[in-house]
Amino acid sequence: MLLNPKMQDGQLVVTVEGPRLDHKVAGEFQSAMEKIIATGATDIRLDLSRVEFMDAAGLGCVVKLNKLIGRAGTLELTGVTGKVDKVMRLTRMNRVFTIRDSTVGAV
């Protein structure tokens with residue numbers, strides 16, 4: 001699981017480079033994101049445009065990250081398409097998270 005963090009418009013954008021965010025990579029993803037948050041990053045846009053599939057374990061990690069950031073900051077999702085979008089809608093997580101079409105202008 002490769003994460004690509006970069007600053008964009010004063011906010012940290014973390015691009016998930018893998019095609020799957022599932023039980024096989026969930027622990028690695030969670031650990032890497034926790035390290036990023038531990039550096040003080042509290043306003044994060046998680047770019048999922050390269051993720052083609054997400055299962056319950058992947059979704060659980062994203063929910064945990066949202067709780068970890070808590071009221072100290074925000075976790076926005078961008079690039080949510082296809083099967084990932086379907087998972088978000090079926091679980092109604094699209095009502096919990098701010099979901100933007102792309103990282104451009106997602107403030």
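In what follows, a residue is called buried when its relative accessible area is under 20%, and exposed when that value is over 50%. By that criterion Gln30 is buried, because its relative accessible area is 10%. I shall return to this residue in a moment; please note at the outset that the model is predicted.

Let me begin with the chain as a whole. There are 3 helices and 7 strands, and along the sequence they follow the pattern β-β-β-α-β-β-α-β-α-β. For 107 residues, a compact globule would have a radius of gyration near 13 Å, and the 12 Å of this chain agrees with that. The C-alpha trace spans about 30 × 25 × 25 Å along its principal axes. Of the 107 residues, 44% count as buried. The chain exposes about 6000 Å², of which carbon and sulfur atoms supply 51%. As for contacts with a sequence separation of 6 or more, 71% of them join residues 24 or more positions apart.

I turn now to the sheet. The sheet is open and consists of 5 strands in the order β1-β2-β4-β6-β7, with mixed pairing. At its edges are β1, residues 3-8, and β7, residues 98-100, each of which pairs on one side only. From one strand to the next, the twist averages 25°. At the β7 edge, β6, residues 74-78, pairs with β7 in the parallel sense over 3 bridges. Within that pairing, Glu76 has Thr98 of β7 as its bridge partner.

Next, the helices that pack on this sheet. Helix α1, residues 26-38, lies across β1, β2 and β4, and runs at about 30° to β1. Helix α2, residues 56-69, also packs on the sheet, where it touches β4 and β6; the direction of α2 makes about 150° with that of β6.

Two residues of α1 deserve closer attention. Gln30, with which I began, lies in this helix. Leaving aside residues up to four places away in sequence, Gln30 touches Cys61, Lys64 and Leu65. Ile36 also belongs to α1. What does Ile36 touch, again not counting residues up to four places away in sequence? The contacts are Leu3, Pro5, Leu12, Val14 and Ala41. Ile36 has a relative accessible area of 14% and is therefore buried. By contrast with these contacts, consider Arg50: Ile36 and Arg50 are 14 residues apart in sequence, and their C-alpha atoms are 19 Å apart in space.

Finally, helix α3, residues 82-90. Which of its residues are buried? They are Val84, Val87 and Met88. Seen down the axis of α3, these buried residues fall within an arc of 100°, so they line one face of the helix. The cover over them includes β5, residues 53-54, together with α2, β6 and β7. On the other side of α3, the exposed residues are Gly82, Lys83, Lys86, Arg89 and Leu90. Just after this helix, Arg92 takes a positive phi of about 65°.

To summarise, the picture is of an open sheet of 5 strands with mixed pairing. Helix α1 lies across β1, β2 and β4, while α2 touches β4 and β6. Helix α3 turns the face with Val84, Val87 and Met88 towards cover that includes β5, α2, β6 and β7. Thank you for your attention.

Conventions:
Residues numbered from 1 in each chain as written. Predicted model: local features only at pLDDT ≥ 70, side-chain atom pairs only at ≥ 80, totals over all residues. Heavy atoms only, no water. Pairing = 2+ DSSP bridges. Helix = DSSP H or I, 4+ residues; strand = E, 2+ residues; numbered from the N terminus. Axes fitted to C-alpha atoms, helices over the stretch in contact; angles between N-to-C directions. Contact = heavy atoms within 4.5 Å. Buried < 20%, exposed > 50% of the residue type's maximum accessible area, 1.4 Å probe, protein only. Arc of directions from axis to C-beta. Rg over C-alpha atoms; globule rule 2.2 N^0.38 Å. Areas by Shrake-Rupley, 256 points an atom, 1.4 Å probe, with all protein chains shown as cover.
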